[in-house]
Amino acid sequence: MTYPHVRMRRLRKNTMIRDLIRETKLTVNDFVYPMFIKEGISKSEPIDSMPGQHRHTPKDALKEIQILVSLGVPAVILFGIPQKKDPFGSAAYQSNGVVQQAVREIRAVYGDRIIVMTDVCLCQYTDHGHCGVAEGGSIINDQTLRFLTKTALSHAEAGADIVAPSAMMDGQVQAIRCGLDEAGYFDVAIMAYSAKHASCFYGPFRDAAYSKPSFGDRRSYQMDYANPFEALREVELDIKEGADIVMVKPALAYLDLIHQVKLTFKMPTAAYNVSGEYSMIKAAAKMGWLDEKSAALEVLTAIKRAGADIILTYFTKEAAEWLRS
Ligand code: PBG
């Protein structure tokens with residue numbers, strides 16, 4: 001009788017040994033919590049397509065931040081839902097816009113106790129729902145850059161630490177970096193949605209933000225998910241344009257890209273565990289088909305294992321609590 005000399009099971013014997021040798025450790029420091037701030041409502045509204053998430057009033061957002069700070073969550077990213085949309089998305093870059101107001105209030109109350117990131121895009125603000133200015137059915141790149149830069153500047157003025165351009169316009173990182181520097185905001189960082197794919201997994205978010213395009217789709221600016229080399233070029237370009245953090249989005253069906261981006265560029269790398277990825281787990285859990293906590297922690301650990309330093313996730317609050325206990 002021969003015995004296996006190497007027995008992998010020796011180090012799986014109990015929880016303590018398993019904890020000791022665990023290679024990937026998820027912590028609350030990994031998370032960024034995405035929040036919707038809606039103009040013109042008097043109390044927060046639950047989002048049907050994203051159970052557990054809300055459209056917040058700027059006031060309620062502050063209460064939410066209190067909870068996040070007490071859980072030790074390091075950062076939020078804010079998405080605005082304006083009362084009025086127009087062809088140029090002008091509510092995105094007004095100094096008293098809903099995001100700008102929320103940033104100011106969070107800053108006033110919480111100072112540096114939480115990192116405030118803002119999404120820089122026009123799709124929640126344009127009446128046609130596209131991420132840029134539209135003309136004859138197409139989205140005009142360079143004209144959009146001006147508005148994205150104005151938006152980022154208005155967020156920086158309000159006190160944002162990090163602006164996150166997500167419109168997938170060519171040159172958006174460079175345009176925003178130049179705009180910020182010219183205005184003296186040298187220390188405001190850019191988290192670029194570098195490899196943002198045209199994905200069905202944004203569906204619940206678009207319900208939440210009423211930002212479904214009214215014509216066509218986003219495939220003339222968001223990436224084709226079948227193109228991993230193109231994704232690397234997108235990331236490389238954003239780094240050259242001055243991005244401080246690069247992002248792959250979505251996360252779960254894109255673990256290979258997260259891994260490649262981290263290994264290739266060694267940059268601070270974020271992954272966005274998007275609305276559809278969240279709501280899928282919520283729905284399956286509601287049906288009794290999956291255990292929510294186990295599924296969410298498995299997915300989040302896998303995203304970190306793939307190479308993400310930063311995970312934007314709607315599970316932030318729950319995961320922070322699960323990891324605590
Ligand atoms: C804005 C933006 C979107 C998401 C993040 N920023 C929507 C989109 O591109 O349609 C999606 C996030 C999610 O699904 O959770 N451009």
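**Exercise 1. Decide whether K266 is buried or exposed, and describe its backbone.**

Step 1: K266 has a relative accessibility of 65%, so K266 counts as exposed (buried means under 20% relative accessible area, exposed over 50%, partly exposed in between, with a 1.4 Å probe and protein chains only).

Step 2: Now find K266 in the chain: K266 sits in the loop between helix 8 and strand 11 (269-273). Helices (H or I, at least four residues) and strands (E, at least two) are DSSP runs, numbered from the N terminus.

Step 3: Check the backbone. Phi of K266 is near 55°, a positive value in a residue other than glycine. Most residues other than glycine have a negative phi, and most peptide bonds are trans.

A word on the model: it is predicted, so local features need pLDDT of at least 70 and side-chain atom pairs count only at pLDDT 80 or more, while totals for chains, interfaces and linings use all residues. Residues are numbered from 1 along each chain as its sequence is written, and side-chain values use heavy atoms, with hydrogens and water left out.

**Exercise 2. Do the same for M168, then place M168 in a pocket.**

Step 1: M168 belongs to the loop between strand 8 (162-165) and helix 5 (172-182).

Step 2: M168 is not a glycine, yet its phi is positive, about 60°.

Step 3: With a relative accessible area of 8%, M168 is buried.

Step 4: Turn to the largest pocket, whose volume is about 270 Å³. Its lining has 18 residues, and the closest to its centre are M168, M169, D170, Y221 and E234. A pocket is an open set of points on a 1 Å grid over the protein atoms alone where a 1.4 Å probe fits, with protein on both sides within 12 Å along at least five of seven lines; lining residues have an atom within 4 Å of a point. Grid points are joined across faces, edges and corners, and a volume is the space filled by probe spheres set on the points.

Step 5: Helix 7 (residues 228-241) gives the most to this lining of the largest pocket, 5 residues.

**Exercise 3. Describe the second largest pocket.**

Step 1: The second largest pocket holds about 190 Å³ of space.

Step 2: Among the 14 residues lining the second largest pocket, A198, S199, C200, R206 and R219 are the closest to its centre.

**Exercise 4. Find the cis peptide bond.**

Step 1: The bond joins K249 and P250, with omega about -10°.

Step 2: P250 is in the loop between strand 10 (245-249) and helix 8 (255-265).
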